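The following exercises concern a single protein chain. Please study the sequence and the model, attempt each task, and then compare the result with the worked solution.

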Amino acid sequence: MASRTNAEAALRQSQKMEAVGQLTGGIAHDFNNMLTGVIGGLDIIKRRIAANKFDDLDRFMEAASTSAQRAAALTARLLAFSRRQSLDAKALDVNGLVLSLEELLRRTIPENIALRIVAPNTIAGAIADANQLENAILNLAINARDAMPEGGQLTVETSLVELDDAYAVAKPDVKPGRYVIVAVSDTGVGMPPEVLEKIFDPFFTTKPIGQGTGLGMSMVYGFARQSGGQVRVHSLPGEGHVGQDLPPCYARNGHAG
């Protein structure tokens with residue numbers, strides 16, 4: 001028994017260190033790219049000023065500023081994943097927020113994807129950060145869009161659920177009570193189990209290089225958990241997937257990123 005306990009402890013430590021290594025490597029890689037843009041831009045500006053060449057300085061300043069803003073956005077996503085971001089949680093009309101995103105969502109998806117929003121007027125308000133909820137829904141919708149290259153249907157739906165004591169026993173990180181569900185689903189390519197189990201891992205992405213940071217779903221996870229909710233993802237290859245974003249929170253699509 002002692003040998004088995006030691007082996008299990010060693011395995012857990014190995015898995016933890018592997019996860020930490022992956023996270024550290026991803027952060028270092030992304031920040032290195034962004035800092036190269038900042039430092040490179042400032043260096044060019046410095047040399048051009050020293051040579052009394054003031055033309056095109058705005059272009060290099062803009063490039064440095066863009067890299068710095070990308071670094072700031074990365075930091076914000078990391079804080080969201082770690083559940084240490086500052087949330088402005090207050091009572092909000094979830095249906096009103098979802099409906100207000102309709103025009104933006106239609107501009108985000110191509111014409112071969114039909115958008116369906118289901119927001120029954122029986123939905124009560126919820127306590128959440130409106131801006132972060134918008135970001136989470138947009139992240140899920142963009143992933144859903146990328147999972148339907150040949151077109152399909154994107155559905156954003158709100159509903160109510162009552163979680164009882166039995167559910168709380170099975171899911172001890174959730175308290176019993178009434179919750180608002182925001183579900184985003186698609187008819188995309190879906191995900192196999194080996195991809196699904198990594199969907200919330202920081203810097204994990206199924207998208208091509210340069211098209212996904214691997215922090216979108218991590219941010220959704222961190223926001224939902226920090227808001228006292230859950231994120232659930234259900235997906236099968238060829239059948240798309242379904243997920244939420246407030247307690248509980250489901251998302252369904254075919255790409256992670």
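**Exercise 1.** In which helix is Arg-225 found? Determine also whether Arg-225 is buried or exposed, and describe its surroundings.

*Solution.* The model is a predicted one.
Step 1. Arg-225 belongs to helix α8, which covers residues 216–226.
Step 2. The relative accessible area of Arg-225 is 16%. Buried means a value under 20%, so Arg-225 counts as buried.
Step 3. The side chain of Arg-225 reaches the backbone oxygen of Gly-229 at a distance of 2.6 Å.
Step 4. Val-174 is 51 residues away from Arg-225 along the chain, and the C-alpha atoms of the two are separated by 9.2 Å.

**Exercise 2.** State how confident the prediction is along the protein chain, and where confidence is lowest and highest.

*Solution.*
Step 1. The protein chain has a mean pLDDT of 78, with 73% of its residues at 70 or more.
Step 2. Strand β2 (residues 113–118) has the highest confidence, at a mean of 94, while strand β8 (residues 249–251) has the lowest, at 44.
Step 3. The pLDDT is below 50 over residues 244–257; this stretch nevertheless has 113 contacts in the model beyond near neighbours in sequence.

**Exercise 3.** Give an overall account of the protein chain: its secondary structure, its burial and its contacts.

*Solution.*
Step 1. The secondary structure comprises eight helices and eight strands.
Step 2. The protein chain has 257 residues, of which 39% count as buried.
Step 3. The exposed area is about 14100 Å², and carbon and sulfur atoms supply 55% of it.
Step 4. Among contacts with a separation of 6 or more, 72% join residues that are 24 or more positions apart.

**Exercise 4.** Establish how β4 pairs with β2 and with β5, and in which sense.

*Solution.*
Step 1. Between β2 and β4 the pairing is parallel and runs over six bridges. In this pairing, Leu-115 stands opposite Leu-154 in β4.
Step 2. Between β4 and β5 the pairing is antiparallel, over 10 bridges. Here Thr-155 stands opposite Ser-185 in β5.
Step 3. β4 is therefore a partner in both pairings, parallel with β2 and antiparallel with β5.

**Exercise 5.** How many salt bridges does a search of the whole structure find? Describe examples within helices and between strands.

*Solution.*
Step 1. Side chains of opposite charge can pair when their charged atoms come close. The search finds six salt bridges.
Step 2. One of them joins the side chains of Arg-47 and Asp-43, with N and O 3.2 Å apart. Both residues lie in helix α1 (residues 2–50), four residues apart, which is about one turn of the helix. Asp-43 has a relative accessible area of 36% and is thus partly exposed.
Step 3. Another joins Glu-103 and Arg-107 at 2.7 Å, N to O. These two residues also lie four residues apart, about one turn, in helix α4 (residues 102–108). Glu-103 and Arg-107 are both exposed.
Step 4. Arg-178 forms a salt bridge with Glu-162, and their closest N and O atoms are 3.4 Å apart. Arg-178 is in strand β5 (residues 177–186) and Glu-162 in strand β4 (residues 152–163), so this pair ties together parts that are 16 residues apart in sequence. Arg-178 and Glu-162 are both exposed.

Methods. Residues numbered from 1 in each chain as written. Predicted model: local features only at pLDDT ≥ 70, side-chain atom pairs only at ≥ 80, totals over all residues. Heavy atoms only, no water. pLDDT = per-residue confidence, 0-100. Contact = heavy atoms within 4.5 Å. Buried < 20%, exposed > 50% of the residue type's maximum accessible area, 1.4 Å probe, protein only. Areas by Shrake-Rupley, 256 points an atom, 1.4 Å probe, with all protein chains shown as cover. Salt bridge = Lys/Arg side-chain N within 4 Å of Asp/Glu carboxyl O. Pairing = 2+ DSSP bridges. Polar contact = N/O pair within 3.5 Å; in protein donor to acceptor, adjacent residues only side chain to side chain.
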